[in-house]
Amino acid sequence: MSLVKIHATEYPIYKVFSNDFVFTIPLYQRPYAWTTEQAGELIEDLLTALGGGNEPIDDVNPYFLGSIVLIKGDKPDAQVVDGQQRLTTLTILLAALRTLVQPEYGTPLTKFLYEKGDPILDTPNRYRLTLAKRDADFFKEYIQNEGGISNLKDINAAALSDSQKNIKENAMLFLNRLEKISESQRVRLAQFIIKQCFLVTVSTPDLDSAYRIFSVLNERGLDLSLTDILKAEIIGPIPDTQKEAYTSKWEDTQEELGRDEFQNLFTHIRMIYRKKKLSSSILKEFREYVHPTDNPQQFIDKTLCPLADALDTIKTATYQNDKRTEEVNQLFKQLNHIDNSDWIPPAIFYLSNNHNNPDRLVQFFTDLDRLAAGLMIRRANINERLERYGRLIAVIERGEDLYTPDSPLKITSEEKNNILKMLDGDLYRVKKIRLYVLLRLDAALSEGEASYNFSNVTVEHVLPQNPASNSMWVKWFSSVEERERYIHRIGNLVLLSSGKNSQAQNYDFDLKKQKYFTTKTGVSPFALTTQVLNEQEWTPEVIERRQKKLIDKLKEVLRLE
């Protein structure tokens, strides 16, 4: 059994960016992702470590920049498994320094960015760091080549990918920050980075060993995400002839969803395969139950991309078909107001399998919306939700009838009663559902989807919580017990679209309608509130009548009959 040698060596930057290493970013790596936040922290840390003194650079305390993981043998060629962000950002910083110091200092900095080619020998420039293909030429032209940063300033950011935007913004950040210090300090900073800043390079010639190191470093707290590790594991074994195409599929999907939502997608995929609550690390369960490396191309083509498309369609409510498009998208919008994401795995699983059948989609998502809303309203805990959705995924997977009385998609009689009990009780006290319920109700009363462009919609009482002793409220509700019976129920609640004077909450009914329940135009945008404006008095009988009508409407909306 051969032993794979792992080398870990500390190098100053002048050795890192030398002929000893030719760094390349493998196709399966995520694009450059550091923003001005991380880049700003780096330059401020370096300036702080450098200090403001004039002692020889060799006497300044060394600065440790962290570690990088490489696949590297005896030759200079080195694939960067971990460390792309630091190496790229350091290159941008050196290029910015080269731009702002005198040529006698700037010209020598070029050799840390690339080794110039020889026109006599007809050899090209050899760049110290080559990014993945989609960004490589951009990085060479606008960062590594002389004068590139000057041309970068004029590029329209709208024409750039996210990674290229990060490159540009970080370059501009460095230029602006460096212009605020003296020429001599810029020279000292360049010398400090080159001579007194160090990286530990961890290298192994074996691909699997490099990935294991990568994973261990991640588990010990480095900023490597679940999707970074899985990308390395899944894209890595794909033959070189197909690697670029599948890398593009992966990165296009990530960019379309956004980094956070893309990461969420993997938790949803795990749930689709596992059908149970997470019991260990998501990385371990993803490997154990999804098996993406068994056939990486099939995983990307048949699982990742279709489910990503389904997730994007649901989150943006942009389903397209020749019929029933509006109905499907309305159901997606309603589901997106649920206060948890546990319903998403069965939703994307079903949509990806039935995308071209809008009739099926309307039937399924109508019931899923009712199930998710019901679980939310009766405050089912996460264990109950995941167990229920796990059973639903299993039924979808087996192709069984989803609409039998005992289907996990259907709400039982007991569940209906518990939902109605919650709705017919002191709804205002259940803060996590009151706004959701009232907005669903208001949309239904508006005979369609009501669209509100208000940043702050609040739930308010008609009968106030603390009426004045000489007010009309006390005449209509003669005892504290009677007020307590009605005050927090749905019949006594309305929606307001903006903050109001808190004192107005206790106005008598007529004045409250005039000053508290109306807008500048005199018309409330909420059907729930407009109904109250039409009442001449607000008595227990009025609330009882309104309570029954609103509960009946909710029974209709949520199909609780």
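Axes are lines fitted to C-alpha atoms, for helices over the stretch in contact, and the angles between them run from 0 to 180 degrees between N-to-C directions. The exercises below concern a predicted model.

**Exercise 1. Two helix crossings that involve H12**

Task: Work out how helix H10 (226–235) and helix H12 (259–274) are oriented towards each other, and then treat H12 and H14 in the manner of the first pair.

Solution.

Step 1. The axes of H10 and H12 come within 9 Å, and they cross at roughly 65 degrees.

Step 2. Angles of 65 to 115 degrees count as roughly perpendicular, and H10 and H12 are therefore roughly perpendicular to each other.

Step 3. The crossing in which H10 passes H12 is left-handed, and the residues that make the contact are Leu226, Thr227, Asp228 and Leu230 on the side of H10, with Arg259, Phe262, Gln263 and Phe266 on the side of H12.

Step 4. For H12 and H14, the axes come within 10 Å and the crossing angle is roughly 115 degrees, which makes H12 roughly perpendicular to H14.

Step 5. H12 passes H14 in a right-handed crossing. Among the H12 residues that meet H14 are Phe262, Leu265, Phe266 and Ile269, while the H14 residues include Phe299, Leu304, Leu307 and Leu311.

**Exercise 2. A pair of helices elsewhere in the chain**

Task: Decide whether helix H5 (residues 133–144) and helix H7 (residues 162–178) are roughly parallel or roughly perpendicular.

Solution.

Step 1. H5 and H7 pack at an angle of about 20 degrees, and their axes lie 10 Å apart.

Step 2. Since angles under 35 degrees count as roughly parallel, H5 is roughly parallel to H7.

Step 3. The crossing of H5 and H7 is right-handed, and the contact brings Arg134, Asp135, Phe138, Phe139 and Ile143 of H5 together with Ser163, Gln164, Ile167 and Ala171 of H7.

**Exercise 3. The buried face of H13**

Task: Find which residues of helix H13 (residues 282–290) are buried, and explain why they line one face of the helix.

Solution.

Step 1. The buried residues of H13 are Ile282, Leu283, Glu285, Phe286 and Val290.

Step 2. Seen down the axis of H13, these buried residues fall within an arc of 165 degrees, so they line one face of the helix. An α-helix has 3.6 residues a turn, so residues three or four places apart point the same way.

Step 3. The cover over this buried set includes helices H10, H12 and H14 (296–316).

Step 4. After H13 comes His291, placed in the loop between H13 and H14. Its phi is near 55 degrees, which is a positive value in a residue other than glycine. Most residues other than glycine have a negative phi. With a relative accessible area of 39%, His291 is partly exposed.

**Exercise 4. The nonpolar cores**

Task: Identify which residues touch the most other members of the largest nonpolar core, and find which helix gives the most to this core.

Solution.

Step 1. The largest nonpolar core has 86 residues, and those that touch the most other members are Leu265, Ile300, Phe365 and Leu368.

Step 2. The greatest contribution to this core comes from helix H17 (residues 358–377), with eleven residues.

Step 3. A second core, separate from the largest, has 62 residues, including Ile13, Val16, Ile25 and Ile143.

Step 4. Setting aside neighbours within four places in sequence, Leu265 is in contact with Leu257, Leu304, Leu307, Ala308, Leu311 and Ile348.

**Exercise 5. Lys432 and Leu70**

Task: Determine whether Lys432 is buried or exposed, find what Lys432 is in contact with, and then decide whether Leu70 is buried or exposed.

Solution.

Step 1. Lys432 belongs to helix H20 (residues 431–445), and its relative accessible area of 62% makes it exposed, the cut-off for exposed being over 50%.

Step 2. Apart from neighbours within four places in sequence, Lys432 is in contact with Asp339, Met376 and Arg379. Met376 is 56 residues from Lys432 along the chain, and their C-alpha atoms are separated by 8.7 Å.

Step 3. Arg379 lies in the loop between H17 and helix H18 (382–398), has a positive phi near 60 degrees, and is partly exposed at a relative accessible area of 33%.

Step 4. Leu70 is part of strand E3 (residues 63–72), and with 0% relative accessibility Leu70 counts as buried. Leu70 and Glu397 are 327 residues apart along the chain, and 41 Å separates their C-alpha atoms.

Note on methods:
Residues numbered from 1 in each chain as written. Predicted model: local features only at pLDDT ≥ 70, side-chain atom pairs only at ≥ 80, totals over all residues. Heavy atoms only, no water. Buried < 20%, exposed > 50% of the residue type's maximum accessible area, 1.4 Å probe, protein only. Helix = DSSP H or I, 4+ residues; strand = E, 2+ residues; numbered from the N terminus. Arc of directions from axis to C-beta. Contact = heavy atoms within 4.5 Å. Core = buried A, V, L, I, M, F, W, Y, C linked by side-chain atoms within 4.5 Å. Parallel < 35°, antiparallel > 145°, perpendicular 65-115°, else oblique. Left-handed = near helix turned anticlockwise from the far one by under 90°.
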